[in-house]
Amino acid sequence: MRTGIWLHEEDLFIEESPLSEAGACCLLATGDPSSWHRYPASKVSWLKAAMSDGAKRAGESLRVPVELKLDKPLIETLAGWAKEHRLEQIVAMRPEVGPLNDQLPGLERRLEEVDVTLHLVDRPEDLEIRPLATAGFFVFWKKMQKRLGEPALK
């Protein structure tokens, strides 16, 4: 099955993830540039540099050709890339809550139109701690400190 890996801004360390065993033929690094307009220019610049670094490391580690596309809408970029590379499936780390995650239903529908399935993968450690994230960061952090046996910050 022709498989491509989608690298996005929510997980740039896929070389040490379940995706490292995906047997992909290519990798596309793209984020959600449509949501970046609300960020200051310095953050957008940082995101682009981080995406470029993550793509380079992943390509070298997985030994697959890499494309970096950060200037077009996510859904059409992924669908066009999948069609160009005759992919049957795209695998990616699961984005958490946020703008990228919000686009998943539309992305899955668009990929189905070009006969591509999107498979989202979780790290085992994410599955283990995700149930602790039921409120804001500080509530989560207090639960993590208990779990780790560390004294809570006051």
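In this predicted model, helix α5, formed by residues 104-113, lies across three strands, namely β1, β4 (89-93) and β5, and its direction makes an angle of about 140 degrees with that of β5. The strands belong to an open sheet of 5 strands that pair in the parallel sense, arranged in the order β3-β2-β1-β4-β5. Because β3 (66-68) and β5 (117-121) each have a single partner strand, they stand at the edges of the sheet, and one side of each is left without a neighbour there. From one strand to the next, the twist averages 25 degrees.

Within this sheet, the parallel pairing of β1 (residues 3-7) with β2 (residues 26-29) extends over 4 bridges, and G4 is placed opposite C26 of β2.

The largest nonpolar core comprises 20 residues, and I5, L7, I14 and L27 are those with the most contacts inside it. Two or more residues are given to this core by each of β1, β2, α2 (41-62) and β4, with α2 giving the most, at 7 residues. The surroundings of I14 were examined further: when residues up to four places away in sequence are not counted, I14 touches I5, L7, L19, S20, L27, A58, L62, M93 and R123. Apart from the largest core lies another, of 19 residues, which includes L78, A79, I90 and V114. Such groupings accord with a general tendency, in soluble globular proteins, for nonpolar side chains to be buried together.

Definitions and conventions: Residues are numbered from 1 along each chain as its sequence is written. This is a predicted model: local features need pLDDT of at least 70, side-chain atom pairs count only at pLDDT 80 or more; totals for chains, interfaces and linings use all residues. Side-chain values use heavy atoms; hydrogens and water are left out. Two strands pair if DSSP finds at least two bridges between them. Axes are lines fitted to C-alpha atoms, for helices over the stretch in contact, and angles run from 0 to 180 degrees between N-to-C directions. Contact means heavy atoms within 4.5 Å. A nonpolar core is a set of buried Ala, Val, Leu, Ile, Met, Phe, Trp, Tyr and Cys residues joined through side-chain atoms within 4.5 Å. Buried means under 20% relative accessible area, exposed over 50%, partly exposed in between (1.4 Å probe, protein chains only).
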